Amino acid sequence: MRVLVTGGAGYVGSTTVETLHEAGHQVVVLDDLSTGHREAVIDGVELEVGSYGDAGTLARVLDHHKIEAVLHCAAKSLVGESMVDPAMYYRENVGGGVVLLEGMRLAGVGRIVFSSTASVYGIPDHTPVTEEMPLAPINTYGETKRTFEQGMRWYGNAYGLRSVIFRYFNVAGATKRNGEAHSPETHLIPNVLRAAENDTEMTIFGDDFATPDGTCVRDYIHVLDLAQAHLLALEATDPGDVRTGPAGGPCEPVICNLGTSKGFSNREVVAVAERVVGHAIKHRIGPRRAGDPAVLIASSARAGELLGWRAQHETLEEIVGSAWEWRRRGHNGR
Ligand code: UFG
């Protein structure tokens, strides 16, 4: 299949591109390189530098490459930034998203898989979090993802767009070639590993949460498992596949959480990282970070039932170990 991956030079995008390419799909990346890295795009995959929110660029790329399905990974995705510049998040994630949906409709591309987030649930009142639980985002980032999810739904209703929405929990780890290289880096695992590398001190945000050791608990999913789920989801958007709707539509998005249904506290993450790197990592306890729910654990039953997906790299040692290996190899120049 000819697949366009928006944001395919970013962390999740680039690792998923590797999996799609290995599975034999013809992959094209559309990325404006505002946060992505040119070096993350593997050989054999064409990079189009530009924005999915630019109607002209999008129309040309969809037509030129005869695209059949889109994997929409591109987005603004920093919670803190979204709170101080909501306009940018609405412009890119919602406004740009509508340009993408409309461009796909005009080009006759009726299949999409979307990278959404557990942030759409806000602070869930219980875990594990199932897909039916109320959507109540507590930041602009989550709100814009929820809004785009709804847009997909109405496009499915009106035009028979076939879609899968993945609500990611905490994605981590690396492939041999690609890993997480954000600037600024806000995520726990890269920050812990950077402290290990540079012999600097990292901060755990809060130890007074209602959890066994007082620090927040998260559900970490290996980026390779996430990529595998995207491969299965793209197959499920086939026009003959009843999972994404009846022939001719209307279609409802298939919505799946992606996590492993296991939780690790921030202290546990540091302890695992210390075992992986083979020495103590300097850390201190600081104040809570605004907007952090105490516990976020996914129910990932639906992805298993509907897509036949199962996490293969479930241990935190494996996840952190892959990220550490990637960093030791020099982050591919990033
Ligand atoms: N944390 C620290 N120190 C750091 C960085 C993070 O203690 O230097 C803590 C956070 O406070 C939180 C935990 O580590 O308790 C995980 O934080 P991350 O920033 O790594 O991830 P989040 O859980 O905040 O967010 C991630 C994604 C979001 C997604 C969310 C849903 O980045 O896009 O998971 O679960 F919405």
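In the predicted model, R167 counts as buried, at 2% relative accessibility. Its side chain meets that of E149 in a salt bridge, with an N to O distance of 2.7 Å. The two residues belong to separate elements, E149 to helix 5 (residues 140–159) and R167 to strand 6 (residues 162–168), so the salt bridge ties together parts that are 18 residues apart in sequence. E149 is likewise assigned to the buried class, because its relative accessible area of 3% falls under 20%. By the rule applied here, the count of salt bridges comes to 19.

A further salt bridge joins the side chains of R218 and D292, at 3.9 Å from N to O. R218 is part of strand 9 (residues 217–218), whereas D292 sits in the loop between strand 13 (283–286) and strand 14 (295–296); the pair therefore ties together parts that are 74 residues apart in sequence. Both partners are buried, R218 with a relative accessible area of 9% and D292 with one of 17%. Elsewhere, E131, E132 and R302 are linked in a network of salt bridges.

The salt bridge between E197 and R327 has its closest N and O atoms 2.9 Å apart. It links distant parts of the chain, with E197 in helix 6 and R327 in helix 10, 130 residues apart. The two ends of this pair fall into separate accessibility classes: R327 is buried, with a relative accessible area of 12%, while E197 is partly exposed, with a relative accessible area of 31%. Helix 6 also contains N191, which is buried at a relative accessible area of 16%. When neighbours within four places in sequence are left aside, N191 is in contact with E185, T186 and M202.

Helix 10, which carries R327, comprises 13 residues (316–328). At 1.5 Å a residue, these should span 18 Å, and the end C-alpha atoms of the helix are 18 Å apart, so the expected and computed spans agree. The buried residues of helix 10 are L316, I319, V320, G321, S322, A323, W324, W326 and R327. In general, an α-helix has 3.6 residues a turn, so residues three or four places apart point the same way. The cover over the buried residues of helix 10 includes two helices, helix 6 (188–198) and helix 8 (266–277). Strand 7 (170–172), strand 10 (220–222) and strand 12 (264–265) are also among the elements that cover these residues. Just after helix 10, G330 takes a positive phi of about 95°.

At the level of domains, the protein is divided into domain 1 (2–172 + 220–258) and domain 2 (188–218 + 260–298 + 306–331). The contact between them takes 26 residues from domain 1 and 26 residues from domain 2. The centres of the two domains, taken over C-alpha atoms, are separated by 26 Å. Between them, domain 1 and domain 2 bury about 2200 Å², and carbon and sulfur atoms account for 72% of this area. On the side of domain 1, Y220, H222 and D225 supply 36% of the area buried against domain 2, more than any other three residues.

The polar component of this interface was examined separately. Zero salt bridges are found across the interface of domain 1 and domain 2, whereas six residue pairs between the domains are in polar contact. The side of domain 1 that touches domain 2 receives at least two residues from each of strand 7, strand 10, helix 7 (223–236) and strand 11 (254–258). Of the contributions to this side, that of helix 7 is the largest, at seven residues.

A separate case is A59, found in helix 2 (residues 55–64). The relative accessible area of A59 is 43%, and the residue is therefore classed as partly exposed, a class that lies between the 20% and 50% cut-offs. Although A59 and G103 are 44 residues apart in sequence, their C-alpha atoms are 6.0 Å apart in space.

Terms used
Residues numbered from 1 in each chain as written. Predicted model: local features only at pLDDT ≥ 70, side-chain atom pairs only at ≥ 80, totals over all residues. Heavy atoms only, no water. Helix = DSSP H or I, 4+ residues; strand = E, 2+ residues; numbered from the N terminus. Expected span 1.5 Å × (residues − 1). Buried < 20%, exposed > 50% of the residue type's maximum accessible area, 1.4 Å probe, protein only. Contact = heavy atoms within 4.5 Å. Domains from an automatic or database assignment. Buried area = accessible area lost by both parts, 1.4 Å probe. Salt bridge = Lys/Arg side-chain N within 4 Å of Asp/Glu carboxyl O. Polar contact = N/O pair within 3.5 Å; in protein donor to acceptor, adjacent residues only side chain to side chain.
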